[in-house]
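Student: Hey, got a minute to go through the side-chain contacts with me? Let's start with the rings.

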Amino acid sequence: MWDRITNFVTTLIRDLSSTTFYIIMAVLITLGFYFLADFLKANKKEAPKVAKISKLLMSILMLVVFVVMVNIRY
């Protein structure tokens, strides 16, 4: 079961056209840095700790997905 999912995701990413792949990468990196900037801005103000951690985790998740997709593609 796990092999099927891994193979599906790998072939899906490798079969994307270059334009589609670059658009997806641009969206992921933009969202990653947006969440990081929002986290840093929330750190300066008095915001609940849960929101700060959530924005940091979303930023890390977006950047990790970016790196994983690049490694699968190339």
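Student: So how many aromatic pairs are there?
Tutor: Three aromatic pairs, counting rings of Phe, Tyr and Trp (its six-membered ring) with centres within 6.5 Å; planes under 30 degrees apart are stacked, over 60 edge-to-face, the rest tilted. Keep in mind this is a predicted model, where local features need pLDDT of at least 70, side-chain atom pairs count only at pLDDT 80 or more, and totals for chains, interfaces and linings use all residues. Residues are numbered from 1 along each chain as its sequence is written, and side-chain values use heavy atoms, leaving out hydrogens and water.

Student: Why is the pair of phenylalanine 21 and tyrosine 74 edge-to-face?
Tutor: Because their planes sit at 85 degrees, with the centres 6.0 Å apart. Phenylalanine 21 is in helix α2 and tyrosine 74 in the segment after α3, 53 residues apart; helices are DSSP runs (H or I, at least four residues), numbered from the N terminus.

Student: Is Phe21 buried or exposed?
Tutor: Buried, at 1% relative accessible area, whereas Tyr74 is exposed at 61%. Buried means under 20%, exposed over 50%, partly exposed in between (1.4 Å probe, protein chains only).

Student: Which residues do ring pairs link into a cluster?
Tutor: Phe21, Tyr22 and Tyr74.

Student: OK, charges now. Which residues form a salt bridge?
Tutor: Lysine 55 and aspartate 38, with the closest N and O atoms 3.0 Å apart. The rule is a side-chain nitrogen of Lys or Arg within 4 Å of a carboxyl oxygen of Asp or Glu, and the count is one. Lysine 55 is partly exposed at 26% relative accessibility, while aspartate 38 is buried at 16%.

Methods. Helix = DSSP H or I, 4+ residues; strand = E, 2+ residues; numbered from the N terminus.
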